Amino acid sequence: MPSAPPPFADPQEPVKTPVLIQLGAGEDEPCLRADAARNRARLLDAAARLVAEHGACAVTMEAVAAAANVGKGTVFRRFGDRTGLLRALLDHSEKKFQAAFLSGPPPLGPGAPPRERLSAFGCAALRRAADELELQLAADPGPQRRFSVPARQVHHAHLAMLLRQVVPHADSELLAQTLMGYLDPALVHHLTKECGMPMERVQAGWHDLVARVTCACTDRGAEPQK
């Protein structure tokens, strides 16, 4: 007979409630000179027009500089690289999403049972991914930096916090990474675009995954009967 699986790791330190972050400009944004702030808005407006007219593939540092009528060096100084520019375009919707799951109405926000919040979070993230799919795929920083993106860290911390409330004896850090994998824009693209799955089926799969993970971990973490 196969050996019994190893027990879960000891419960971790309580996961701190994630706080709303800003992705695009960083902590110096309120201190930007008026002309620098105007330049940044001008560059983002030019990039957004390129996405709307030609798709995210058309957004290069050179194309944005030309569309905004500034030097290419200005774009690099403001955003660092193309990924930084694309992530700045996602900044507004990310802040709205974070505000919704951190302080908005239930079931996505506080006030609903944690299992319901887990289900609502995934559905909202999947809808957002579908709406911004091309831009999110283009803004992927690659495997070396993917897990250090601030927004992803906030999402992971939020899922880990909710999992800890539902299944306190499970390894919430690893389970949260598993759930995050289901929400990966590359997987959403594969399922909806390449496999032709309707979003309703993908969201139903998320509900099923949350139910199975939380129920299985609850059963496994239960104290044995004496």
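I count a residue as buried when its relative accessible area is under 20%, and I keep that cut-off in mind throughout, working on a model that is predicted.

**Entry: His 158**

I looked up His 158 and found it in helix α7. Its relative accessibility is 1%, so it counts as buried. I then checked a distant stretch of the chain and noted that the C-alpha atoms of His 158 and Leu 102 are separated by 8.3 Å, although the two residues are 56 apart along the chain. His 158 also appears among the residues that Phe 121 touches, and I come back to that under the cores.

**Entry: overall layout**

I counted 10 helices and zero strands in the protein chain, and reading from the N terminus I wrote the order of elements as α-α-α-α-α-α-α-α-α-α. Of the 226 residues in the chain, 42% are buried. When I took the contacts with a separation of 6 or more, 69% of them were between residues 24 or more positions apart. The chain exposes about 12600 Å², and I noted that carbon and sulfur atoms supply 57% of this area.

**Entry: the nonpolar cores**

Which residues of the largest nonpolar core touch the most other members? I found Leu 118, Phe 121, Leu 126 and Trp 206, in a core of 35 residues. Helices α4, α5 (114–131), α7 (150–166), α8 (172–182), α9 (185–194) and α10 (199–221) each supply at least two residues of this core, and α5 gives the most, with eight residues.

I followed Phe 121 further and, leaving out residues up to four places away in sequence, listed its contacts as Phe 97, Phe 101, Leu 108, His 155, His 158, Leu 159 and Leu 183. There is also a second, separate core of 20 residues, which includes Ala 47, Leu 50, Val 64 and Leu 86.

**Entry: helix α2 and the residue after it**

I listed the buried residues of helix α2 (residues 61–68) as Met 61, Val 64, Ala 65 and Ala 68. Looking down the axis of α2, I saw that these buried residues fall within an arc of 100°, so they line one face of the helix. The cover over them includes α1 (34–54), α3 (72–79) and α4 (82–103). One of these buried residues, Val 64, is the residue I had already noted in the second core.

Just after α2 I came to Asn 69, which is found in the loop between α2 and α3. Asn 69 has a positive phi of about 60° although it is not a glycine. For context I note that most residues other than glycine have a negative phi. Is Asn 69 buried or exposed? I find Asn 69 exposed, with a relative accessible area of 64%.

**Entry: helix α9 and its ends**

For α9 I listed Pro 185, Val 188, Leu 191 and Thr 192 as the buried residues. Seen down the axis of α9, they fall within an arc of 130°, so they too line one face of the helix. On the face turned away from the buried side I found the exposed residues Lys 193 and Glu 194.

What caps the N-terminal end of α9? I found Asp 184 in that role, with a side-chain oxygen 2.8 Å from the backbone nitrogen of Ala 186. Following α9 I noted Gly 196, whose phi is positive, near 70°.

**Entry: a cis peptide bond**

I checked the peptide bond from Pro 106 to Pro 107 and found it cis, with omega near 10°. Most peptide bonds are trans. Pro 107 lies in the loop between α4 and α5.

**Entry: Arg 127**

I placed Arg 127 in helix α5 and found it partly exposed, with a relative accessible area of 45%. Arg 127 and Glu 200 are 73 residues apart along the chain, and I noted a separation of 9.8 Å between their C-alpha atoms.

**Entry: cysteines**

How many disulfides does a search of the whole structure find? My search found zero. A disulfide is a covalent bond between the sulfur atoms of two cysteines. I therefore also recorded the surroundings of two cysteines by their accessibility: Cys 57 is exposed, with a relative accessible area of 61%, whereas Cys 215 is partly exposed, with a relative accessible area of 40%.

How values were computed
Residues are numbered from 1 along each chain as its sequence is written. This is a predicted model: local features need pLDDT of at least 70, side-chain atom pairs count only at pLDDT 80 or more; totals for chains, interfaces and linings use all residues. Side-chain values use heavy atoms; hydrogens and water are left out. A disulfide is a pair of cysteine sulfur atoms within 2.5 Å. Buried means under 20% relative accessible area, exposed over 50%, partly exposed in between (1.4 Å probe, protein chains only). Helices (H or I, at least four residues) and strands (E, at least two) are DSSP runs, numbered from the N terminus. The arc is that of the directions from the helix axis to the C-beta atoms. Contact means heavy atoms within 4.5 Å. Accessible areas come from the Shrake-Rupley method with a 1.4 Å probe; for residues, only the protein chains shown count as cover. A nonpolar core is a set of buried Ala, Val, Leu, Ile, Met, Phe, Trp, Tyr and Cys residues joined through side-chain atoms within 4.5 Å. A polar contact is a pair of N or O atoms within 3.5 Å; within protein, one must be able to donate a hydrogen and the other to accept it, and residues adjacent in sequence count only if both atoms are side-chain atoms.
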